[in-house]
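This briefing covers a ligand site, the empty space inside a protein model, and two backbone angles. Please look at the structure before reading the points below.

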Amino acid sequence: MENDSQFGVVGLGASGVVTTISLIRELIRRNSRQPGSPFQITVFEPNGPFPGGIAYGTPHDVHVLNMRASTMSIHSDRPDSFVEWLRSRPGVTQHHPVHEDAYVPRSAYRHYLADQFAEAVKAAEEHGGSVRVVPSQVTDVSPRNDGVYLTSSDGVARFDQVILCPGESHHPPHHSLAGHPRYIASSWDYQSIEEIPADASVGIIGTSLSAIDVVLLLRAQGHKGPLHAVSRVRPLPKVQGAYHRHELKYLTRHHLRLLTCDHTRPLTLSDVSVLFRLELQDALGETVDWENGVLAEIHREDHARRLAEDIRAAESGNAYWYCVLDATGDVILDYWHHLDAASRQLFEQWRPYWMTYRHCMPLPTARTLLDMMEQQHLTVSTGMREVTQGEAGDFRITTHQAELYVDYVVNARGVSGDSVRGGPPLVQQLLASGTAVAHPDGGLRVEFDTARVYSRDGHVWPHLFLVGPQTSGVHFYTNSMETIMRNADQAARAAVAALPSSKSKSLAEQQ
Ligand SMILES: Cc1cc2nc3c(=O)[nH]c(=O)nc-3n(C[C@H](O)[C@H](O)[C@H](O)COP(=O)(O)OP(=O)(O)OC[C@H]3O[C@@H](n4cnc5c(N)ncnc54)[C@H](O)[C@@H]3O)c2cc1C
């Protein structure tokens with residue numbers, strides 16, 4: 001056992017699952033080239049064997065995947081894996097029909113991940129490996145020349161390679177409201193949401209998919225009081241149209257190579273926006289007018305009317321932009337990687353608009369919301385200025401147009417890229433110790449191709465990797481399984497390639 005290659009994975013959310021599976025796949029491949037290379041993978045997860053995290057940990061069936069079942073396989077060589085798995089387990093989706101285009105409950109996806117994990121563990125055991133899940137929280141990560149030392153309630157253990165998958169950062173709660181008994185600091189605090197009296201008025205801070213989750217949960221539990229979803233800038237997400245595979249013509253790797261002179265010069269935002277515009281215009285067969293079209297459209301404040309129009313567009317096949325954006329998933333990381341720093345900063349003002357389109361909602365969800373808005377059960381507004389405690393023990397939400405008074409407030413601003421202010425405790429510990437450093441565009445700084453972690457003084461730790469939403473500054477769009485899988489594969493390949501038989505350099509050698 002002592003000669004086994006030792007791997008540590010920290011966190012068993014979706015990233016931890018796909019990372020462990022990628023590691024097993026790489027190690028089995030290595031074993032077929034170098035027979036007799038036993039390995040051990042130790043996975044640390046304190047919150048039960050498959051908590052599912054904030055995305056897939058929800059027990060509520062109204063919380064569905066915001067992507068079609070056909071796009072959610074975690075095996076790139078078996079794209080039908082999730083749909084086939086769903087068909088083989090009719091019990092897990094109960095009232096939801098199963099087909100390629102279905103939006104099934106996120107809790108079903110958690111079970112799928114658990115089953116894929118179990119299958120991979122079995123395969124590991126058949127190839128001289130073993131996988132152990134330790135129910136402990138890692139409290140310290142200490143990379144050294146001979147590997148990485150992890151401290152948990154299980155003790156201190158040395159690993160040849162460690163991949164961290166600690167999950168999302170959160171928007172901190174509203175400082176002045178924290179502790180108020182009717183202020184719910186997180187939209188994932190389902191128990192508190194379930195306890196809201198059915199006739200109470202509720203202010204939901206945010207209009208993204210997380211806010212929609214709150215609306216759907218309250219509706220499902222028979223809530224009768226008025227609901228107000230309010231945000232500063234972002235309107236409701238756009239509505240997903242029918243899905244067709246779009247072949248990119250302009251936003252391609254070939255054009256990226258040409259524009260960057262074979263990756264030797266950086267890109268600007270205007271380079272990318274020209275290609276993006278060409279791609280959309282060609283696909284939609286019409287001119288795209290950013291200022292008077294896209295932007296003006298997003299700033300509209302007649303939210304119910306806009307939603308009705310979006311639904312009609314999705315129903316009548318006029319939402320092909322969705323297929324174009326979906327197709328960019330494969331290349332957008334590479335474009336982001338080559339953008340110069342000023343362009344990345346500039347993009348920040350566009351990010352809310354990008355998110356409105358990229359994180360768009362399923363059509364059935366849109367229909368439910370519109371129905372609630374037409375019944376005056378739900379209002380949506382943008383232009384929020386502040387939320388304060390009212391004099392009568394209620395809350396006052398001020399927008400640029402009006403003041404709203406509500407009995408309850410739910411903070412539903414979703415996840416954040418700010419690791420410094422909202423990162424999980426382990427990330428805070430890495431930052432405080434200088435083992436990691438924040439990336440100016442969000443998350444922590446890692447190597448683009450391998451996801452190796454950078455220390456505060458600019459070294460790359462040879463044995464320490466990071467996968468998941470904490471690499472958002474480097475990998476841009478980390479809120480999808482597609483990107484997480486790609487990064488998990490890269491990290492696993494690099495970690496296995498760096499085992500002693502390969503020519504990896506230790507940190508000391510680099511220095
Ligand atoms: C509400 C929501 C819906 C989404 N829907 C979709 C979708 O439909 N399709 C899609 O492709 N993507 C979706 N995503 C995006 C993406 O799939 C998720 O963000 C993804 O689940 C992230 O997984 P994770 O493992 O990185 O983080 P998490 O799920 O947060 O898991 C992190 C895990 O690490 C553990 N951990 C943390 N610190 C330690 C420590 N110190 N020691 C040991 N363990 C630790 C935690 O206990 C946790 O279990 C959604 C995201 C959200 C938030």
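A cavity is a set of grid points, laid over the protein atoms alone, where a 1.4 Å probe fits but cannot get out, and its volume is the space filled by probe spheres set on those points. The model is predicted. By the cavity rule, there are four cavities of 30 Å³ or more, and the largest holds about 70 Å³ of space.

**Largest cavity**

- The lining of the largest cavity is made up of Val18, Ile21, Ser22, Arg25, Ile74, Ser76, Met485, Ala488 and Asp489.
- Two elements, H1 and H19, each give two or more residues to this lining.
- H1 gives the most, with four residues.
- By class, the lining of the largest cavity divides into five nonpolar, two polar and two charged residues.

**Ligand site**

- The shell around the ligand has 33 residues, and Ser15, Glu45, Tyr56, Asn66 and Glu168 are the closest.
- At least two shell residues come from each of helix H1 (14-33), helix H2 (53-56) and helix H19 (481-497).
- H2 supplies the largest share of the shell, four residues.
- Sorted by class, the shell around the ligand contains 18 nonpolar, 12 polar and three charged residues.
- H1 and H19 thus appear in two places: both supply residues to the ligand shell, and both supply residues to the lining of the largest cavity.

**Polar contacts of the ligand**

- In the side chain of Asn66, a polar atom lies 2.5 Å from an oxygen atom of the ligand.
- For Asn47, an N or O atom of the side chain is 3.0 Å from an oxygen atom of the ligand.
- Val138 takes part through its backbone, where an N or O atom lies 2.9 Å from a nitrogen atom of the ligand.
- The ligand taken alone exposes 1,000 Å², and the protein buries 92% of that area.

**Second largest pocket**

- The volume of the second largest pocket is about 1,100 Å³.
- Its lining has 40 residues, of which Phe276, Leu280, Trp290, Val294 and Tyr357 are the closest to the centre of the pocket.
- Two or more lining residues come from each of H8, helix H9 (290-298), helix H10 (303-315), helix H11 (321-328), helix H12 (332-338) and helix H14 (351-358).
- H8 provides the largest share of this lining, eight residues.
- The lining of the second largest pocket divides by class into 27 nonpolar, five polar and eight charged residues.

**Positive phi angles**

- Most residues other than glycine have a negative phi.
- His263 has a phi near 65°, a positive value in a residue other than glycine.
- The loop that holds His263 runs between helix H7 (253-259) and helix H8 (269-284).
- Is His263 buried, partly exposed or exposed? His263 counts as partly exposed because its relative accessibility is 41%, and the partly exposed class lies between 20% and 50%.
- Gln376 also has a positive phi, near 60°, and is a residue other than glycine.
- Gln376 sits in the loop between helix H15 (363-374) and strand S12 (378-381).
- Gln376 counts as exposed because its relative accessibility is 66%, and the exposed class covers values over 50%.

Definitions and conventions: Residues numbered from 1 in each chain as written. Predicted model: local features only at pLDDT ≥ 70, side-chain atom pairs only at ≥ 80, totals over all residues. Heavy atoms only, no water. Buried < 20%, exposed > 50% of the residue type's maximum accessible area, 1.4 Å probe, protein only. Near = heavy atom within 4 Å. Polar contact = N/O pair within 3.5 Å; in protein donor to acceptor, adjacent residues only side chain to side chain. Areas by Shrake-Rupley, 256 points an atom, 1.4 Å probe, with all protein chains shown as cover. Nonpolar A, V, L, I, M, F, W, Y, C, P; charged D, E, K, R; others polar. 1 Å grid on protein atoms, 1.4 Å probe; cavity = no way out; pocket = protein on both sides within 12 Å on 5 of 7 lines; lining within 4 Å.
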